[in-house]
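Please examine the structure shown here. The account that follows moves from a single loop residue to a set of charged side chains, and then to the chain as a whole.

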Amino acid sequence: MKLHKYILVAILPLLFFGCGIYSFTGIETNAKTFQVNYFQNNANLIEPGLDRDFTIALQDQILNLSSLSLVNSNGDLVYEGEITQYRISPTTATANSTAAQNRLTIGVNVRFYNKLNEEENFEKSFSFFYDYTGSELLSGSTKDTAFEEIFQRLTQDIINASLANW
């Protein structure tokens, strides 16, 4: 029984700290740094500050889910692209022909460059939506909640596509 305790004590640090390449988030990379270039808003409908907010959200999500360091240039991993879609559309109607529910959809085009393994480079589009009642305006806390949920999903999908080598 004592032998099992010693083995467990020897293995636990490896499980918790590993070799520094794999983390609990599933992100596996030899990269040390990343950069997120400014995502220009090229959507037909321009929401002021959306480009800045999305760029920061992607930076924050990568910082939170990895041990990578954010740099302004010469990153091992580079994210760039543009916001391609910002659309509000009705999803259901009332008997009075007004929207019972609206949907905000945000789409981004992402170019990912891995300077350590160019085979992992890609260009891909991502989009996600948030539904809200037709009686609400997309402003204040409704808009904040919508952006938060959409950004969370978009950034997670981008990270999964670029860093999660399952």
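Asn74 is found in the loop between β3 (69-70) and β4. In this predicted model, the phi angle of Asn74 is near 55 degrees, a positive value in a residue other than glycine. Is this residue buried or exposed? Asn74 is exposed, its relative accessible area being 64%.

The charged side chains come next. The structure holds seven salt bridges. In one of them Arg111 pairs with Glu80, and the closest N and O atoms are 3.2 Å apart. Arg111 belongs to strand β5 and Glu80 to strand β4, so this pair ties together parts that are 31 residues apart in sequence. Arg111 also meets Glu82 in a salt bridge, with an N to O distance of 3.1 Å. Since Glu82 lies in strand β4 and Arg111 in strand β5, that pair ties together parts 29 residues apart in sequence. A further salt bridge joins Arg111 to Glu123, where the closest N and O atoms are 3.7 Å apart. Here the link runs from strand β5, which holds Arg111, to strand β6, which holds Glu123, and the two residues are twelve apart. Glu80, Glu82, Arg111 and Glu123 are thus linked in a network of salt bridges.

How does solvent accessibility vary among these four residues? Arg111 is buried, with a relative accessible area of 18%, and Glu82 is likewise buried, at 15%. Glu80 counts as partly exposed because its relative accessibility is 21%, and the cut-off for burial is under 20%. Glu123, at 53% relative accessibility, counts as exposed.

The nonpolar interior may be considered next. The largest nonpolar core has 34 residues, and those with the most contacts inside it are Tyr79, Leu104 and Ile106. Two or more residues of this core come from each of β1 (33-36), α2, β4 (77-93), β5 (99-114), β6 (122-133) and α3 (140-162). The largest share, seven residues, is supplied by α3. What does Leu104 touch, leaving aside its neighbours within four places in sequence? Its contacts include Tyr86, Ile88, Phe128, Tyr130, Ala146, Phe147 and Ile150.

Helix α2 (residues 50-65) has 16 residues and reaches 22 Å from its first C-alpha to its last, close to the 22 Å expected at 1.5 Å a residue. Among the buried residues of α2 are Leu50, Phe54, Ala57, Leu58 and Ile62, together with polar or charged positions including Asp51, Thr55, Gln59 and Gln61.

At the level of the whole chain, there are three helices and six strands, and from the N terminus on the elements run α-β-β-α-β-β-β-β-α. Of the 166 residues, 38% count as buried. The chain exposes about 10100 Å², of which carbon and sulfur atoms supply 53%. Among contacts with a separation of 6 or more, 66% are accounted for by residues 24 or more positions apart.

Confidence in the prediction remains to be considered. The chain averages a pLDDT of 84, and 77% of the residues score at least 70. Over residues 2-26, however, the pLDDT is below 50, and this stretch has 16 contacts in the model beyond near neighbours in sequence. Where pLDDT is low, the predicted coordinates should not be read in detail.

Notes
Residues are numbered from 1 along each chain as its sequence is written. This is a predicted model: local features need pLDDT of at least 70, side-chain atom pairs count only at pLDDT 80 or more; totals for chains, interfaces and linings use all residues. Side-chain values use heavy atoms; hydrogens and water are left out. Helices (H or I, at least four residues) and strands (E, at least two) are DSSP runs, numbered from the N terminus. Buried means under 20% relative accessible area, exposed over 50%, partly exposed in between (1.4 Å probe, protein chains only). Contact means heavy atoms within 4.5 Å. Accessible areas come from the Shrake-Rupley method with a 1.4 Å probe; for residues, only the protein chains shown count as cover. The expected span of a helix is 1.5 Å times one less than its number of residues. pLDDT is the predictor's confidence in each residue, from 0 to 100. A nonpolar core is a set of buried Ala, Val, Leu, Ile, Met, Phe, Trp, Tyr and Cys residues joined through side-chain atoms within 4.5 Å. A salt bridge is a side-chain nitrogen of Lys or Arg within 4 Å of a carboxyl oxygen of Asp or Glu.
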